[in-house]
Amino acid sequence: MVIQKASPISINMLPQDPLISRPEQVQVDRVQFGDNLSGPRLHTQDSVPVAKADSDGNYLYELGTPEFDQVNTHGIVSRALATYERYTGHVMPWSFKGPLQVNPHAGEGKTAYYSRWDQSINFFQWDSPSLGKTVKTSQAFDVGSHEIGHAILDGIRPGLLSGTEGKAFHEGFGDSSAIIHALQYDTNLQQILTDNGGDFSKPSLITRLAEEFGTAFNKEDDNPNNDDHPYYRTALNEFKYKDPKQLPSDSYPPSQPEEVLTSEPHSFSRIWSGTFYSMLGALYNQCAGSAPSQLEALRQARDVLGTVWGQSLDHLPAANLKFRHVASGVLREAAALEGGKYFDSLAAVMLDRNLLTQEQVDECHQGPKSEVRLTAFPQTRGGAQDILAQLGRQDQGWTPELALPGAEGRRVYTFRSPQRVELDLGARGPAYMQADAGLTLVFDAQGKLISEVATPLSTDDRADLQRDARAMADSGQLVGEDGIGPARLVSRREGTPEFQVLPVWKD
Ligand SMILES: [Zn+2]
């Protein structure tokens, strides 16, 4: 699939959080907006009439109208998607057919969510006593970019539903999406440099995620420790990677102070969002040495980060993801970009965060152990099965999952191997779940295998799944078979019910 050539129109939208930015006219691709906020990828729905394009195709509504919120949300998610498509060079598919429904006024609440089941992203709002206004997530740049991040990641790797690190990476991917998307607007770049003076160890517009939502949320929750935090999460942190089983567990929203890292996915995700921000800082410092201005250094750093990040997604595991796989994928791309000139800067970040050992960093310069060259890219599952035979992996229960376009004309094949994991859900009794081992194979445009990422399900991984399932059962988060929630129990004829993690990502 080739990205359609853009035909630009103008929309009014907030290029950052409503607490710190004013609406701007932004250019977007007309195809994704149509005459009524409806295109092949995104379709906005509302209980009030949906905004219409003017006679020139533009959407220039004023802040304060419901149409502004609709256009703003559609604009944020569309531009975040376009940012990924530009850096990867290919269409980012959804995990379902048809357009994603965008619901800017989904109801009352301090939340937003993406649901594969409903094929929708949903934005809620509430009357905030602390700010004396209605806080609308439909106006929140970081929230919109985060939620569409869930949809984008789910499209390329639908197998990242379970496991502490897979769930946490989904959240870290959302926050990384908010950061890389915010860097696409010059007004934001200028404000970042005004805030931090070019010192990326200091807070700025780009470190503070969901300013208005967080400012109100923090003042109104039961936690007195966060009342003065002007964000919902910050990417400015020094968290080092730790095995999640060595960390305390927590509920969500967090009951622990911000400084405490827990195994709850949103908390644990901060290791990745902190790493992502540190990569930006390291690249900025390197680019500042030769760029004519701070602004130009930041633009260069942004595009290096966007390129290695976008291209590294090809290497993501199909299931059972760990942060170290993500870090290795990034360094693999950094080794190949511009003669590896940014490799050392980014490797230093991965080492500092304990994401990789020096030996694992060195391995990022090497290709896969197996030498396989395809003469043609298989288009069918049967064809993908033949690749396994060439690799000597045909007997390991791998089921072909997806054949995806990759960066630079690559082809990416994902496979999963379903395995039964027995669970003890305490008062809810015994259950089982299906968890997957994953295999990702990446071929370059000439058909040469360039990476092979296998993620078998270890005893440790099974214990992690048991811990997570038990925590959900103990805290009453299991929902009925029809309900919405993080997981459910489904009766099975043979007796033991099946525990299923649901494809819905809240916040
Ligand atoms: Zn999320």
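User: Which hand does the crossing of α6 and α7 have?

Analyst: Happy to help! In this predicted model, α6 and α7 cross in a right-handed way. Residues of both helices take part: Met279, Leu280, Leu283, Tyr284, Cys287 and Ala288 come from α6, while α7 brings Gln294, Ala297, Leu298, Gln300, Ala301, Val304 and Leu305. Sorted by class, the contact holds 11 nonpolar residues, two polar ones and no charged ones.

User: Why are α6 and α7 called oblique to each other?

Analyst: Let's take the angle. Helix α6, residues 265-288, packs against α7 at about 130°, and 8 Å lie between the axes. Roughly perpendicular covers 65 to 115 degrees and roughly antiparallel begins over 145, with the rest counted as oblique. An angle of about 130° fits neither of those two classes, and α6 and α7 are therefore oblique.

User: And what makes α1 and α3 roughly perpendicular to each other?

Analyst: The same kind of check works here. Helix α1 (residues 66-88) and helix α3 (residues 164-182) meet at an angle of about 85°, their axes being 10 Å apart. The class runs from 65 to 115 degrees, so α1 and α3 count as roughly perpendicular. On the α1 side, Arg79, Ala80 and Thr83 make the contact, and they meet Ser177, Ile180 and His181 of α3. That contact of α1 with α3 consists of two nonpolar, three polar and one charged residues.

User: Why does leucine 449 count as buried?

Analyst: Nice one, since the value sits right on the cut-off. A residue is buried if 20 or more other C-beta atoms lie within 10 Å of its own. Leucine 449 has 20 such neighbours, so leucine 449 counts as buried. Leucine 449 lies in strand β13, residues 449-455. Setting aside neighbours within four places in sequence, leucine 449 is in contact with Pro368, Ser370, Val372, Leu441 and Phe443.

User: How do you know that domain 1 and domain 2 are in contact?

Analyst: Contact requires C-beta atoms within 7 Å, and 16 residues of domain 1 are in contact with 24 residues of domain 2. On the side of domain 1 that touches domain 2, α7 (294-312) and α8 (323-336) each provide at least two residues. By class, this side of domain 1 has five nonpolar, eight polar and three charged residues. The domain assignment places domain 1 at 166-363 and domain 2 at 381-506, and their centres, taken over C-alpha atoms, are 26 Å apart.

Note on methods:
Residues are numbered from 1 along each chain as its sequence is written. This is a predicted model: local features need pLDDT of at least 70, side-chain atom pairs count only at pLDDT 80 or more; totals for chains, interfaces and linings use all residues. Domain bounds come from an automatic or database domain assignment. Two residues are in contact if their C-beta atoms, placed from the backbone, lie within 7 Å. Helices (H or I, at least four residues) and strands (E, at least two) are DSSP runs, numbered from the N terminus. Ala, Val, Leu, Ile, Met, Phe, Trp, Tyr, Cys and Pro count as nonpolar, Asp, Glu, Lys and Arg as charged, and the others, Gly among them, as polar. A residue is buried if 20 or more other C-beta atoms lie within 10 Å of its own, exposed if 12 or fewer, and partly exposed in between; C-beta atoms are placed from the backbone. Axes are lines fitted to C-alpha atoms, for helices over the stretch in contact, and angles run from 0 to 180 degrees between N-to-C directions. Angles under 35 degrees count as roughly parallel, over 145 as roughly antiparallel, 65 to 115 as roughly perpendicular and the rest as oblique. A crossing is left-handed if the near helix is turned anticlockwise from the far one by less than a right angle, and right-handed if clockwise.
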